[in-house]
Amino acid sequence: MNKTTIRFQQVGDAERFCEILNNDNFIYFSIRPSIEEERKYLSQNLKSRKKNFEYNYTIIYDKKIAGAIGIKINQHSTHIGEIGYFIDENFWNKGIASNAVKLIEKIGFNELNLERIEIVMMPENKGSIRVAEKCNYKREGLLAGRIYNNGKYHDAYMYAKLKNEYSQAGIN
Ligand SMILES: CC(C)(COP(=O)(O)OP(=O)(O)OC[C@H]1O[C@@H](n2cnc3c(N)ncnc32)[C@H](O)[C@@H]1OP(=O)(O)O)[C@@H](O)C(=O)NCCC(=O)NCCS
């Protein structure tokens with residue numbers, strides 16, 4: 001069985017991430033970094049972890065880099081983290097994002113002392129909604145103007161899971 005794993009990101013992942021992100025079919029996630037920008041971002045990951053700011057991982061599937069996932073800690077309420085992810089279009093609909101969410105939430109609840117993990121997405125992003133629902137996150141409402149995408153502010157669904165709702169079942 002192909003297995004999804006995650007590891008800390010490396011600066012050398014920059015080229016692959018740019019290749020994945022420079023895709024016009026990423027309609028609801030419009031970050032299109034240059035390789036230099038991506039290298040700079042990745043080089044700050046260690047500092048970001050030390051500051052308890054964000055924890056970013058590379059997703060490996062079938063021995064290849066399939067995407068990325070991270071948890072950003074709410075700096076005003078450090079018991080709250082928000083998960084974000086993206087997957088190479090060639091790897092969509094294989095359960096990779098859902099499995100990566102299950103791996104990173106384990107770290108969030110067990111190692112980062114989070115009590116609440118959130119996932120937000122535009123209501124049009126059906127794939128991302130499905131990921132949150134398959135991972136048993138509950139939709140709490142619609143946040144007005146929550147996401148900045150492609151030069152505009154968009155409403156977003158708020159999905160969340162609490163530590164006491166978390167179970168480790170179902171990781172492939
Ligand atoms: C959203 C995204 C991360 C999903 O990754 P993935 O690895 O394909 O996710 P999974 O395979 O775990 O689950 C996707 C589910 O969505 C479903 N899905 C995908 N597109 C869909 C659509 N247009 N309508 C309904 N369901 C859809 C799939 O069928 C699958 O559900 P299933 O397992 O019940 O069949 C990926 O599409 C992506 O990277 N998109 C671009 C970046 C992005 O939008 N990131 C999220 C920002 S909030």
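Okay, let's start at the ligand: the shell around the ligand divides into 11 nonpolar, 6 polar and 3 charged residues. Before I go on, a reminder that this is a predicted model.

So who is in that shell? The ligand has 20 residues around it, and the closest are A97, S98, K126, G127 and R130. If you ask which elements give two or more residues each, those are β4 (80-87), α4 (96-110) and α5 (126-134). And which of the elements gives the largest share of the shell? That would be α5, with 5 residues.

Let me zoom out to the whole chain. We have 5 helices and 7 strands. Going along the sequence, the pattern reads β-α-α-α-β-β-β-α-β-α-β-β.

On overall dimensions, a compact globule of 172 residues would have a radius of gyration near 16 Å, and this chain comes in at 15 Å, so the two agree. Along the principal axes, the C-alpha atoms fill a box of roughly 40 × 35 × 35 Å. As for burial, 32% of the 172 residues count as buried. And if you take the contacts between residues at least 6 apart in sequence, 60% of them join residues at least 24 apart.

Now the sheet, if you'd like to rotate to it. The 7 strands make an open sheet, ordered β1-β2-β3-β4-β5-β7-β6, with mixed pairing. Which strands sit at the edges? Those are β1 (4-8) and β6 (138-149), and each of them pairs on one side only. From one strand to the next, the twist averages 30°.

Stay with β6 for a second. Strand β6 pairs with β7 (residues 152-162) in the antiparallel sense, over 8 bridges. If you want one pair to click on, take K138, whose bridge partner in β7 is A160.

Then there's α4, which we already met in the ligand shell. Helix α4 lies across β1, β2 (54-61), β3 (64-73), β4, β5 and β7. Relative to β4, α4 runs at about 155°.

The loops on both sides of α4 each have a residue I'd like to flag. As background, most residues other than glycine have a negative phi. In the loop between β4 and α4 we find N93, and its phi is positive, near 65°. Is N93 buried or exposed? N93 is exposed, because just 10 other C-beta atoms lie within 10 Å, and the cut-off for exposed is 12 or fewer.

On the other side, N113 is in the loop between α4 and β5 (116-121). N113 has a positive phi as well, near 60°. Here the count is 13 other C-beta atoms within 10 Å, so N113 comes out as partly exposed.

Last stop is I27, in the loop between α1 (14-21) and α2 (35-43). What is the exposure of I27? With 12 other C-beta atoms within 10 Å, I27 is exposed. If you draw a line from I27 to V11, the C-alpha atoms are separated by 25 Å, with the two residues 16 apart along the chain.

To wrap up, the things to keep on screen are the open sheet of 7 strands, α4 lying across β1, β2, β3, β4, β5 and β7, and the ligand with its shell of 20 residues. That's it from me.

Terms used
Residues numbered from 1 in each chain as written. Predicted model: local features only at pLDDT ≥ 70, side-chain atom pairs only at ≥ 80, totals over all residues. Helix = DSSP H or I, 4+ residues; strand = E, 2+ residues; numbered from the N terminus. Rg over C-alpha atoms; globule rule 2.2 N^0.38 Å. Buried ≥ 20, exposed ≤ 12 C-beta atoms within 10 Å, placed from the backbone. Contact = placed C-beta atoms within 7 Å. Near = placed C-beta within 6 Å. Nonpolar A, V, L, I, M, F, W, Y, C, P; charged D, E, K, R; others polar. Pairing = 2+ DSSP bridges. Axes fitted to C-alpha atoms, helices over the stretch in contact; angles between N-to-C directions.
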